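This report is meant for a reader meeting the structure for the first time. Please look over the sequence and the model shown below before reading on.

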Amino acid sequence: MTKLKIFVLLHIMLMLYSMSGICAKLAAGCPFLSMEFCLYYAAMIGLLGIYAIGWQQVIKQLPLTVAFANKAVTVIWGLIWGVCFFHETVTAGKIAGTLLIMVGVVIYARDSGGVQYGSDRG
C-alpha cells in the first residue's frame, strides 16, 4: 500500500472517529433509552467499531507515533461538525487553539524524521 493510500485511509478513519461525537451529542439531547437515543447510540458504536477495525489496518502500515500524531486532525473535524450540525460559531479562540494543536503536530512530525513506513520497520 502506498504512503498516500495509508494516509487517506488514516484520515477517513479519523473522520469516522470524529463523527461518533456527533452521534453522542445528538443522543445526549434525547430522553434516556428512547428510540432516538438508542439509534444515535447504536450509530456511535457502529462508527467506533468501523474506526477500530480501520485503525488496526492503518497501524500495521504506519508507525504508531505518526498515526497518533495525526489524531489531532479530529479537532478540525470537530469544528466543522459543530458548524454543520449544531450551528456553532467558530471563534478566534477556537481557531487559535486549533492552530496551536496543528503547529504542535507539525513540530512533532518534523522532529521524528527518518521514520520508516511499511512492514519492514523494526
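## Cysteines and the absence of disulfides

The closest cysteine sulfur to that of cysteine 84 belongs to cysteine 23, and because the two sulfur atoms are 15 Å apart, they are too far from each other for a bond. The structure discussed here is a predicted model, and the distances and areas in this report are to be read as values computed from that model. Cysteine 84 itself is partly exposed, with a relative accessible area of 49%, a value that falls between the 20% under which a residue counts as buried and the 50% over which a residue counts as exposed.

A similar question can be put to cysteine 38: which cysteine holds the sulfur closest to its own, and how far away is that sulfur? The closest sulfur is in cysteine 30, at 9.6 Å, which is again too far for a bond. Cysteine 38 is likewise partly exposed, its relative accessible area being 35%. A disulfide is a covalent bond between the sulfur atoms of two cysteines, and the rule used here asks for two such atoms within 2.5 Å of each other. By this rule, the count of disulfides comes to zero.

## The chain as a whole

Turning to the overall architecture, the chain contains five helices and zero strands, so that the pattern read along the sequence is α-α-α-α-α. Its C-alpha atoms fill a box of roughly 50 × 35 × 20 Å when the box is taken along the principal axes. When contacts between residues at least 6 apart in sequence are considered, 74% of them join residues that are at least 24 apart.

Of the 122 residues of the chain, 30% count as buried. The accessible surface comes to about 7,700 Å², and 71% of that surface belongs to carbon and sulfur atoms. The chain carries 8 positive and 4 negative charges, and the mean positions of these two groups are 6 Å apart.

## The setting of threonine 98

Threonine 98 lies in helix 5, which covers residues 92–111. Is this residue buried or exposed? Threonine 98 counts as buried because its relative accessible area is 10%, which is under the cut-off of 20%.

Leaving aside residues up to four places away in sequence, threonine 98 touches Val75, Ile76 and Leu79. Although threonine 98 and isoleucine 76 are 22 residues apart in sequence, their C-alpha atoms are 6.7 Å apart in space. Within the chain, the side chain of threonine 98 also reaches the backbone oxygen of lysine 94, at 2.8 Å.

Key:
Residues are numbered from 1 along each chain as its sequence is written. This is a predicted model: local features need pLDDT of at least 70, side-chain atom pairs count only at pLDDT 80 or more; totals for chains, interfaces and linings use all residues. Side-chain values use heavy atoms; hydrogens and water are left out. Helices (H or I, at least four residues) and strands (E, at least two) are DSSP runs, numbered from the N terminus. Buried means under 20% relative accessible area, exposed over 50%, partly exposed in between (1.4 Å probe, protein chains only). Contact means heavy atoms within 4.5 Å. Accessible areas come from the Shrake-Rupley method with a 1.4 Å probe; for residues, only the protein chains shown count as cover. Lys and Arg count as positive and Asp and Glu as negative; His and the chain ends are not counted. The place of a charge is taken as NZ of Lys, CZ of Arg, CG of Asp or CD of Glu. A polar contact is a pair of N or O atoms within 3.5 Å; within protein, one must be able to donate a hydrogen and the other to accept it, and residues adjacent in sequence count only if both atoms are side-chain atoms.
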